[in-house]
Amino acid sequence: MSAPTPLAVAVAQPACHPSGRPGTVAANVDRHAAAVRAAGAVRLVVFPELSLTGYDLAAPAVDPSDERLAPLVAACAETGATALVGAPVAGADGREYIATLAVTGAGASVVCRKTNLYGREVERFAAADRPSVLELDGWRLGLAICADAADPEHAKRLVALGADAYVASTLYGAGAESLATKEARYPARAADNGVWVVLATAAGASGEFAATSGGSGVWAPDGTEAARAGTAPDEVVTAVLG
């Protein structure tokens, strides 16, 4: 099987609007749309966990057909990008999930539900029973949401399903222990599995977190760093996989 053509990607860590307000999602959508445009000519833009609402475990579920997503759909239509954004969603079974939505110029759809819940998340959300792979331009992208990536077996399961990149949307606190964990985890996921790793993680305040780590990045299959953002909100960095 031939290797896919190179894939231009961006990781974005936009400032998050204060949670729990009527305009939170709309304001965050506008910031996401600006980040997609700032990323330039890329096919994939990855955002942090719960990026549309902030890490607010009480935030209402977001429907993929929600008209508030229209500015982001328009930005993706203009640029030809697919944006992976985070939000709580409601399933057809009535259960709610922490999820990743893929937004394109044609609209939005749920492409990943978190399989490994953390802390108080279990009080509201259900865990997905299987990992998710998204196909884009010949690439099979294994998707992870935060605590998913804490489990080495999660990445291994996705690679066994044919994933040739591991794409994680996360949030880490700004404390020293969280930072050390993040710094070690993603180069290891790349090197241990021989795949590209793409990490979008929150920067600045996000919902219940007064401060988060920043440091979104991309690592090559040997674990070397290909691109890296700093700790400040609103940074967007790009890399080419392949």
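**View 1. An open sheet of 6 strands in a predicted model.** In this predicted model, 6 strands come together as an open sheet whose order is 5-4-3-2-1-12, and the pairing between them is mixed. Strand 5, covering residues 107-113, and strand 12, covering residues 235-241, stand at the edges; each has a single partner strand, so one side of each is left without a neighbour in the sheet. On average, and with direction ignored, neighbouring strands of this sheet are turned by 35° against each other.

**View 2. The pairing of strand 2 with strand 3.** Strand 2, made of residues 44-46, and strand 3, made of residues 82-90, run parallel and are joined by 3 bridges. For V45, the bridge partner in strand 3 is A83.

**View 3. Two helices and the strands they meet.** Helix 1, which spans residues 24-39, packs on the sheet and touches strand 1 (7-13), strand 2, strand 3 and strand 12, and its direction makes an angle of about 45° with that of strand 12. Helix 2, which spans residues 70-79, lies across strand 3, strand 4 (96-104) and strand 5, and runs at about 40° to strand 4.

**View 4. The surroundings of A163.** The loop between helix 3 (152-160) and strand 8 (165-170) is where A163 is found. This residue has a relative accessibility of 7%, and because buried means under 20% relative accessible area, A163 counts as buried. When residues up to four places away in sequence are not counted, A163 touches R140, G142, L158 and V195. E235, by contrast, lies 72 residues from A163 in sequence, and the two are 27 Å apart in space, from C-alpha to C-alpha.

**View 5. Cysteines C76 and C112.** How many disulfides does a search of the whole structure find? The search finds 0 disulfides. C76 is accordingly in no disulfide, and the nearest cysteine sulfur to it, which belongs to C112, is 18 Å away. For the sulfur of C112, the closest cysteine sulfur is in C146, at 12 Å, and this is too far for a bond, because a disulfide needs a pair of cysteine sulfur atoms within 2.5 Å. A disulfide is a covalent bond between the sulfur atoms of two cysteines. Are these two residues, C76 and C112, buried or exposed? C76 is buried, with a relative accessible area of 2%, and C112, at 2% relative accessibility, counts as buried too.

Notes:
Residues are numbered from 1 along each chain as its sequence is written. This is a predicted model: local features need pLDDT of at least 70, side-chain atom pairs count only at pLDDT 80 or more; totals for chains, interfaces and linings use all residues. Side-chain values use heavy atoms; hydrogens and water are left out. Two strands pair if DSSP finds at least two bridges between them. Helices (H or I, at least four residues) and strands (E, at least two) are DSSP runs, numbered from the N terminus. Axes are lines fitted to C-alpha atoms, for helices over the stretch in contact, and angles run from 0 to 180 degrees between N-to-C directions. Contact means heavy atoms within 4.5 Å. Buried means under 20% relative accessible area, exposed over 50%, partly exposed in between (1.4 Å probe, protein chains only).
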